[in-house]
Amino acid sequence: MWSAINSFLVYVDDLVWGVPLMILIMAGGLLLTVRLGVMQVHKLPLALKWMFKNEKDGVGEITSFSALCTALSATIGTGNIVGVATAVCAGGPGALFWMIVAAFLGMATKYSEGLLAVKYRVVAEDGHSLGGPFYYIEQGMGKKWTWLAKIFAFFGVCVGLFGIGTFSQVNGIASAVNGFFDPENLHCVTLPSLGSYSWSVVVASLLLAFCVAAVLIGGVKRIAKVSQIIVPFMAVIYFVVVAILIICNVSHVPEAIVTIVTAAFNPKAVTGGVVGSMIVSMQKGVARGIFSNEAGLGSAPIAAAAAQTNEPVRQGLVSMTGTFLDTIVICTLTGLSIVLTGAWQVEGLQGVEVTTYAFQNGLPFAPQFSSFILMICLVFFAFTTILGWDYYSERCLEYLTGGNMKPVKVFRWVYIFAVFIGPYMTVSAVWTIADIFNGLMAIPNMIALFVLNGVVVKETRDFFAAKKHKM
């Protein structure tokens, strides 16, 4: 039965993440990149500066940095550790190249999403800010497009509940904990209707569900508070550890880069035909890249709308740094470590096991200590992603119910239950389900970005013209 379900999911995934959607997302990023004058290059220093500098007298619930951390909490997760490994193993080293290309174009996309989120946000009766694709579709494109906004919101709830938010993150945490504490599955318990699982998986699911519940009850401000502490701290630790790995294996870096670029355009030259064509490499790279940085997905602008700012352009630039940090920095380092250690070529490894192999064989530490570092990073990254996606899903549901918070409160407990059962889903099914909902969520958002690209360009030009005039 599970085999038939997996086969069906793979068929749907291939249909959703076919060439048309890849072209839609990449073309959208390319259009915005050209029309904005490649601003992800010449405005990146300013964006990084404003990332830490809060705007005075800005209107909103949380600071720009807190909004960014909330968005990063949802993006820096298993996609950076497990997703990169899955992409490289399924699509070859060339998938990393296409992941970086998609992220570069995605920076322009993420900028546009953040700008539109602030420009078209609304304030609820209790004073909290609401914004995101459903509002810039409805208000920017017009009321006649409300149906498209509702489609986006529906898929947003599904992505959080069945995709990025719960199953894939919790599954990654459980795999990492199980791989460290009970890799041989010597201590197992039998769960009714589920099968036999290691005690480490069961304990991890219970503790995780409890911790998630404790934070979610506090709402966006508590989520932001936790995220702005954990995300920067763990991102720095992970960056330092992977940088050490690459420095210790620096002699293999040129060869790894050549392998990545060659495999991007001619996978068979590197893999011997194991992973198929350039299209497969591109598909896996783009899909996993979007899973990680969410550019084009339309999720990050939901957090951006809560930022304390009066300038849409300013928040757009801050939002743009999320894609840069998430994919071009962190995912690239992870992918490079997997390629230069040969972890992607080891048979029988999947998911977090691939990155674990890279850490154990590339770092100058004891294998057990290297595994422990990776486990801690993955657990905290995935934990904050779970929190961030609950916030996204709740805002989507709030839009669908017209501001009725009763269904939102019920959803919160359903979400916590999904976190609890996440470890008992198969790895392949988890990532396939996440991919499907990602793609479906991206379609209405990308349509809106194509339609509203003129608004983005005008806002940007007016802002920098006024800024230059003041100087």
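**Exercise 1.** Is Asp-462 buried, partly exposed or exposed, and what is its relative accessible area?

*Solution.* The structure shown above is a predicted model, and the values in these exercises are computed from it. Begin with the relative accessible area of Asp-462, which is 42%. Since buried means under 20% and exposed means over 50%, with partly exposed in between, Asp-462 is partly exposed. Next, look at the partner of Asp-462: its side chain meets that of Lys-458 in a salt bridge, with 2.8 Å from N to O. Lys-458 has 53% relative accessibility and therefore counts as exposed. Finally, consider where the two residues sit: they are 4 residues apart in helix H22, so about one helical turn separates them.

**Exercise 2.** Describe the salt bridge between Glu-459 and Lys-119, and say which helices the pair links.

*Solution.* The side chains of Glu-459 and Lys-119 meet at 2.8 Å, N to O, which satisfies the rule for a salt bridge because the cut-off is 4 Å. This pair links distant parts of the chain, for Glu-459 lies in helix H22 (residues 453–470) while Lys-119 lies in helix H7, 340 residues apart. As a last step, place both residues by their accessibility: Glu-459, at 23%, counts as partly exposed, and Lys-119, at 33%, is partly exposed too.

**Exercise 3.** Are Arg-412 and Glu-394 buried or exposed, and what joins their side chains?

*Solution.* A salt bridge joins the side chains of Arg-412 and Glu-394, with 2.7 Å from N to O. Arg-412 belongs to helix H20 (residues 405–421) and Glu-394 to helix H19, so that the pair, 18 residues apart, links distant parts of the chain. The relative accessible area of Arg-412 is 16%, and Arg-412 is therefore buried; Glu-394, at 4% relative accessibility, counts as buried as well. By the rule applied here, the count of salt bridges comes to 5.

**Exercise 4.** How are helices H7 and H17 oriented towards each other, and how are H18 and H19?

*Solution.* Take H7 (residues 94–119) and H17 (residues 312–340), whose axes come within 7 Å and cross at roughly 160 degrees. Because angles over 145 degrees count as roughly antiparallel, H7 and H17 are roughly antiparallel to each other. Their crossing is right-handed. Now turn to H18 (residues 352–362) and H19 (residues 367–400), which pack at an angle of about 135 degrees with their axes 8 Å apart. This angle makes H18 oblique to H19, and the crossing of H18 and H19 is right-handed.

**Exercise 5.** Which residues form the nonpolar patch on the surface, and which helix gives the most to it?

*Solution.* The patch is formed by Phe-181, Val-189, Trp-199, Val-203 and Leu-207, which together have about 440 Å² of accessible area. Helix H11 (residues 199–216) gives the most, with 3 residues. Val-203 is placed in H11, and its relative accessible area of 38% makes Val-203 partly exposed.

**Exercise 6.** Where is Val-38 found, and what is its phi value?

*Solution.* Val-38 is found in the loop between helix H2 (19–35) and helix H3 (39–42). Its phi is near 55 degrees, a positive value in a residue other than glycine. Most residues other than glycine have a negative phi. To complete the description, Val-38 has 34% relative accessibility and so counts as partly exposed.

Technical notes
Residues numbered from 1 in each chain as written. Predicted model: local features only at pLDDT ≥ 70, side-chain atom pairs only at ≥ 80, totals over all residues. Heavy atoms only, no water. Patch = residues over 30% accessible without salt bridge, like charges linked within 9 Å, V, L, I, M, F, W, Y side chains within 5 Å. Areas by Shrake-Rupley, 256 points an atom, 1.4 Å probe, with all protein chains shown as cover. Buried < 20%, exposed > 50% of the residue type's maximum accessible area, 1.4 Å probe, protein only. Axes fitted to C-alpha atoms, helices over the stretch in contact; angles between N-to-C directions. Parallel < 35°, antiparallel > 145°, perpendicular 65-115°, else oblique. Left-handed = near helix turned anticlockwise from the far one by under 90°.
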